[in-house]
Amino acid sequence: MTACACSERSKKVWIFGCGSFFLLAGMILAVVWSAVSVSILHNQLVLKNGSQTYNNWIETPIPMYLEFYMFNWTNPDKIHNWETEKPHFVEMGPYVFTEKRKRVNIVWNNNGTVSFNQSREWHFVPEMSNGTLDDKVTNLNLIPTTIAYTLRHQSVVVKMIVNFLFKEKGARMTITRTVRELLFDGYDDPILDFVRKLNISGFVIPFKKVGWFVERNQSATHDGHFSIFTGDDDMAKLGVMEHWNYVNHTQYYRDQCGAVTGTTGEIWPPLPADQSEVDIAMFTPDICRTITLKYDRPVEKLGLSGNRWVADERVLDNGWKYPPAACYCTADPSACPDLLPGVLNVSSCQFGAPAFMSFPHFYLADSSYSDAIAGLNASREEHEFYMALQPQTGIPLDIRGQLQLNLMMTPDEHFSIFEKVPKIFIPMLWFRQTANLTEDLAKSAWWAVNLSDFGLYLAFGIVGLGGVLVIVGIVLTITKKWTCAPTNEDEEPLQ
């Protein structure tokens with residue numbers, strides 16, 4: 001006796017059943033995958049505990065660097081001959097520091113926002129730097145310059161008293177200090193100590209030492225208190241600022257120029273399909289305002305396609321070329337615009353110091369700024385501010401943010417150290433913030449970007465498999481070749 005391992009009916013049930021199942025499953029997957037992939041991507045992009053965005057935001061995972069370039073004033077003794085010999089500066093650096101950002105004091109709010117402070121930690125990297133922190137730099141003396149600027153509208157009597165103080169304390173127009181003192185360590189200044197006791201209105205430097213970044217390393221309060229949208233209710237608002245220091249409008253600039261808008265720079269919402277007409281905005285605590293970047297061109301990095309945005313002439317205009325920027329003028333509106341394009345008055349944001357921001361080497365600024373001094377040479381390749389983003393996920397691909405800090409020196413006959421000097425902007429330093437996408441993050445982003453395609457490919461593959469099984473079943477039925485293998489190898493197969 002012989003027996004078939006399976007009957008013709010069983011084979012048909014299996015082949016047509018499996019084929020029909022795969023066809024149906026594939027079609028269902030193709031229909032629902034779009035919604036499924038959007039849900040998966042939303043859960044990873046939304047800012048919440050456990051999401052990929054949260055893991056990347058709570059502590060920055062990509063290498064970040066802060067580079068400082070100092071300006072050394074080589075001929076300050078010739079300042080009274082400025083009409084024939086321009087102040088000359090030599091750029092020193094870069095002095096490179098690693099930067100690590102951490103979000104602290106996190107509070108999840110009921111309105112779809114999260115509030116937090118951020119701590120930034122810097123460490124010097126000698127092997128990436130050109131020079132040491134013990135290099136000495138000569139430039140304008142910050143404290144006397146700030147005091148003179150603060151008292152510019154005071155009475156002659158007040159100025160004479162302060163000028164006497166300058167002489168008693170041996171104040172000079174310039175000062176020579178090491179890079180470490182000028183940046184993070186700070187230095188003691190007897191005039192600062194004395195004037196703080198006088199409680200001069202408008203002079204509110206809250207630090208015991210003088211230094212551009214003094215008391216900022218690992219500070220959880222210096223950058224302020226932030227509140228941003230998590231994107232849970234609306235992905236278009238992911239990372240967008242709601243408040244800075246508990247307000248949505250600062251007191252530093254008028255009208256819309258003081259509005260707290262844009263993202264903090266690390267998290268961006270998915271962008272529209274056509275980015276060529278879209279600007280992106282980033283709030284920058286260092287200048288207490290939002291910077292708007294203009295679309296530039298498409299880019300590619302580590303297998304990811306993205307788009308590049310740049311800072312153009314609008315960013316540091318105050319009404320000369322771009323009328324909507326007139327509210328960045330801090331003078332009386334009747335006197336605006338008070339600065340030629342390319343320089344922004346940030347004195348109220350910097351404790352009353354006569355601080356004015358520009359792009360490095362006065363890039364994109366009116367030529368009068370660089371013509372008044374010697375030694376600077378602006379170039380787009382070196383000094384352009386830009387950011388590249390992957391549009392579907394908002395993941396930064398490449399960041400290079402850079403600004404230059406200048407002090408305004410103003411002649412005043414009542415202060416002997418500023419008597420008969422020109423009114424010019426003295427470049428003090430410029431800094432470059434960089435961040436580059438790592439291969440691990442690029443792989444994660446690549447999967448996220450291609451998630452919807454993978455689901456469709458899988459669906460088509462399942463449909464194809466089901467179709468093949470059904471076709472095989474039909475062919476076997478038509479040709480009547482449903483056969484069973486005999487259990488005894490010596491017997492002929494049943495027909």
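R103 and E266 are both buried. Their side chains meet in a salt bridge, with an N to O distance of 3.1 Å. The pair links distant parts of the chain, 163 residues apart: R103 sits in strand β2 (residues 89–108), and E266 in the loop between β7 (241–244) and β8. The model is predicted. This briefing covers the overall fold, the salt bridges, the surroundings of E384 and the largest cavity.

**Overall fold**

- The protein chain has 495 residues, and 48% of them count as buried.
- Ten helices and 15 strands make up its list of secondary-structure elements.
- Among contacts in the protein chain with a separation of 6 or more, 66% come from residues 24 or more positions apart.

**Salt bridges**

- The whole structure holds 21 salt bridges.
- R103 and E266 also belong to a network of salt bridges. Its other members are E99, R101, R120, R216, D223 and D286.
- D296 pairs with R308 in a salt bridge, and their closest N and O atoms are 2.6 Å apart.
- D296 lies in strand β9 (residues 289–301) and R308 in strand β10 (residues 304–310), so this salt bridge ties together parts twelve residues apart in sequence.
- The two partners differ in burial. D296 has a relative accessible area of 23%, so it is partly exposed. R308 has 9%, so it is buried.
- E384 forms a salt bridge with R380, where the closest N and O atoms are 3.0 Å apart.
- Here too the burial differs. R380 counts as partly exposed because its relative accessibility is 46%. E384 is buried, with a relative accessible area of 4%.

**Surroundings of E384**

- E384 is placed in the loop between α8 (380–383) and β13 (386–390).
- Its relative accessibility of 4% falls under the 20% cut-off, so E384 counts as buried.
- Leaving out residues up to four places away in sequence, E384 touches R308, V310, Y363, S379, R400 and Q402.
- One of these neighbours, R308, is joined to E384 by a polar contact of 3.1 Å between the side chains.
- R308 therefore has two side-chain partners described here: D296 through a salt bridge and E384 through a polar contact, with R308 itself buried at 9% relative accessible area.
- The C-alpha atoms of E384 and F359 are separated by 7.6 Å, although the two residues are 25 residues apart along the chain.

**Largest cavity**

- A search of the whole structure finds five cavities of 30 Å³ or more.
- The largest cavity has a volume of about 400 Å³.
- It is lined by 26 residues, and those closest to its centre are R101, R120, M282, T284 and Q433.
- Two of these residues, R101 and R120, also appear in the network of salt bridges that includes R103 and E266.
- Elements giving two or more residues to the lining are β1 (64–73), β3 (113–124), β8 (280–284), β14 (395–409) and β15 (424–436).
- β14 gives the most to the lining, with four residues.
- By residue class, the lining divides into 14 nonpolar, seven polar and five charged residues.

Conventions. Residues numbered from 1 in each chain as written. Predicted model: local features only at pLDDT ≥ 70, side-chain atom pairs only at ≥ 80, totals over all residues. Heavy atoms only, no water. 1 Å grid on protein atoms, 1.4 Å probe; cavity = no way out; pocket = protein on both sides within 12 Å on 5 of 7 lines; lining within 4 Å. Points joined across faces, edges and corners; volume = space filled by probe spheres on them. Nonpolar A, V, L, I, M, F, W, Y, C, P; charged D, E, K, R; others polar. Buried < 20%, exposed > 50% of the residue type's maximum accessible area, 1.4 Å probe, protein only. Contact = heavy atoms within 4.5 Å. Polar contact = N/O pair within 3.5 Å; in protein donor to acceptor, adjacent residues only side chain to side chain. Salt bridge = Lys/Arg side-chain N within 4 Å of Asp/Glu carboxyl O.
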